[in-house]
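Colleague: I'm new to this one and would love a close look at a single part of it. Could you walk me through how one of the helices sits against its partners?

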Amino acid sequence: MYNRPLSPHITIYAVQTSSLASIWHRISGILLTLFIVLCPAYMQLVICSSYNKYLFNFNILKNFWFFYYKIMVIIVLFSLFYHALNGLKQIMWDLGIFLSPKFLLLFFLIISSLICVIILLLIF
């Protein structure tokens with residue numbers, strides 16, 4: 001028999017920067033949507049509940065989420081800025097600006113570094 005892979009299309013596939021940017025744009029949109037939906041829902045539950053339940057929820061969240069608070073803030077900020085800057089990139093591409101493949105990796109690196117700088121400035 002021949003020594004060939006069963007599915008050759010998988011072994012020759014090269015990951016493209018534009019497809020990764022598109023996937024992360026969708027993931028960041030889903031994270032932002034969940035944040036926008038769940039935060040007001042939690043606030044509405046706090047407003048409609050009694051004060052004792054609110055204190056109980058606050059103590060649970062304070063003890064449980066305190067260590068994860070910074071991580072959650074970083075994830076939300078990263079999602080927000082990545083989604084905004086990647087959306088700006090898509091608008092520029094729709095206008096016909098920076099369509100060359102040589103600008104794709106450069107633009108991706110610029111967006112990523114700009115997001116990191118903005119988040120570091122907001123945290124510290």
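Which residues of α2 meet which residues of α5?

Modeller: Happy to, and keep in mind that this is a predicted model. On the α2 side the residues are T17, S18 and A21, and on the α5 side they meet L104, L105 and F108. Sorted by class, this contact of α2 with α5 has 4 nonpolar and 2 polar residues, with no charged ones.

Let me put that in its setting. The protein chain has 5 helices and 0 strands, so to read along it from the N terminus is to go α-α-α-α-α. Helix α2 covers residues 17-48, while helix α5 covers residues 101-123. In general, two packed helices are described by the angle between their axes and the distance between the axes. For α2 and α5, the axes come within 10 Å and cross at roughly 35 degrees.

Now for what α2 does with another partner, helix α4, which takes in residues 69-94. Here the axes come within 9 Å, and the crossing is at roughly 130 degrees. That angle makes α2 oblique to α4. As for its hand, α2 passes α4 in a left-handed crossing. From α2, the residues taking part are S18, A21, W24, H25, S28, G29, L31, L32 and F35. Facing them in α4 are I75, V76, S79, L80, Y82, H83, N86, G87, K89 and W93. By class, you get 10 nonpolar, 8 polar and 1 charged residues in the contact of α2 with α4. You may recognise S18 and A21 from the α5 contact, and both turn up again in the meeting with α4.

A good spot to zoom in on here is a pair of serines. S28 sits in α2, and S79 lies in α4. Is S28 buried or exposed? Its relative accessibility is 3%, and because the cut-off for buried is under 20%, S28 counts as buried. The same reasoning works for S79, which has 4% relative accessibility and so counts as buried. Leaving out residues up to four places away in sequence, S28 touches S79, Y82 and H83. Seen from the other side, and again setting aside neighbours within four places, S79 is in contact with S28, L31 and L32. For context, 14% of the 124 residues of the protein chain count as buried.

To finish the triangle of α2, α4 and α5, look at how α4 sits against α5. Their axes come within 10 Å and cross at roughly 145 degrees, and α4 passes α5 in a right-handed crossing. From α4, the contact uses K70, I74, L77, F78, F81, Y82, L85, N86, K89, M92 and W93. From α5 it uses L104, F107, F108, I111, L114, I115, I118, I119, L122 and I123. These residues divide into 18 nonpolar, 1 polar and 2 charged. L104 and F108 are among the α5 residues here, and they also meet α2. On the α4 side, Y82, N86, K89 and W93 are in this contact and in the one with α2 as well.

Two α5 residues help you find your way around this stretch. I118 has its place in α5 and, at 23% relative accessibility, counts as partly exposed. Its C-alpha is 9.0 Å from that of F78, although I118 and F78 are 40 residues apart along the chain. S112 is in α5 too, and with 26% relative accessibility it is partly exposed. Between the C-alpha atoms of S112 and N86 there are 9.7 Å, with 26 residues separating them along the chain. For the chain overall, take contacts between residues at least 6 apart in sequence: 77% of them join residues at least 24 apart.

Back at the far end of α2, there is one more pair to look up. F58, found in helix α3 (residues 51-65), is partly exposed, with a relative accessible area of 40%. F58 and V46 are 12 residues apart in sequence, and their C-alpha atoms are 9.4 Å apart.

Last, a word on cysteines. A search of the whole structure finds 0 disulfides. C39 is partly exposed, at a relative accessible area of 29%, and C116 is partly exposed as well, at 43%.

Terms used. Residues are numbered from 1 along each chain as its sequence is written. This is a predicted model: local features need pLDDT of at least 70, side-chain atom pairs count only at pLDDT 80 or more; totals for chains, interfaces and linings use all residues. Side-chain values use heavy atoms; hydrogens and water are left out. A disulfide is a pair of cysteine sulfur atoms within 2.5 Å. Buried means under 20% relative accessible area, exposed over 50%, partly exposed in between (1.4 Å probe, protein chains only). Axes are lines fitted to C-alpha atoms, for helices over the stretch in contact, and angles run from 0 to 180 degrees between N-to-C directions. Helices (H or I, at least four residues) and strands (E, at least two) are DSSP runs, numbered from the N terminus. Contact means heavy atoms within 4.5 Å. Ala, Val, Leu, Ile, Met, Phe, Trp, Tyr, Cys and Pro count as nonpolar, Asp, Glu, Lys and Arg as charged, and the others, Gly among them, as polar. Angles under 35 degrees count as roughly parallel, over 145 as roughly antiparallel, 65 to 115 as roughly perpendicular and the rest as oblique. A crossing is left-handed if the near helix is turned anticlockwise from the far one by less than a right angle, and right-handed if clockwise.
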